[in-house]
Amino acid sequence: MSSVTGHGADRSGQEVPEGVSGAPTVWGDVRFRADAVLKAGVHGNVEATHKLVVAAEAEVTGRVKAREVCLEGQIKGGVEAAGRVWIKSGAVLRQRCVAGSLRMEPGSDFQGELRVGEAFP
């Protein structure tokens, strides 16, 4: 399983900017070719060919697209999944959710357009 995370410095020894949660921040689009766990802030879009877990410390300001998405953190640009989107308690989703199926736990926060049971282009 792939993971985007960090501990305050990248491989070159330079500081990685941290977001509000203290997690490192990535500026630009991120793509995964396998199941993945995102543990960083992303100012851009995120795509995964399989399952993507957006961890509690992660915040994505762009769109997220994957086969399945488990949201524990925040997505501010919407999500698209051919399979299931699972919005866990404490998670925040804004703008749009297009999914084959949806599971929302009590305590999750979603505001936006909802389309369940539809395939996305």
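The following paragraphs describe the secondary structure, burial and nonpolar cores of a predicted protein model. In this model, local features were required to have a pLDDT of at least 70 and side-chain atom pairs were counted only at pLDDT 80 or more, whereas totals for chains, interfaces and linings use all residues. Residues are numbered from 1 along each chain as its sequence is written, and side-chain values use heavy atoms, with hydrogens and water left out.

The protein contains 14 strands and zero helices, where strands are DSSP runs of E of at least two residues and helices are runs of H or I of at least four residues, both numbered from the N terminus. Of its 121 residues, 40% are buried, that is, under 20% relative accessible area with a 1.4 Å probe and protein chains only. Among contacts (heavy atoms within 4.5 Å) with a separation of 6 or more, 9% join residues 24 or more positions apart.

The largest nonpolar core, a set of buried Ala, Val, Leu, Ile, Met, Phe, Trp, Tyr and Cys residues joined through side-chain atoms within 4.5 Å, comprises 25 residues, of which V46 and L52 have the most contacts inside it. Elements that give two or more residues to this core include strand 3 (30-32), strand 6 (46-48), strand 7 (51-54) and strand 13 (92-104), while strand 12 gives the most, with four residues. When neighbours within four places in sequence are left aside, V46 is in contact with V30, F32, L38, L52, V60, R63, V64 and K65. Apart from the largest core lies another core of five residues, among them V53, A55, C70 and W86.

Conventions
Buried < 20%, exposed > 50% of the residue type's maximum accessible area, 1.4 Å probe, protein only.
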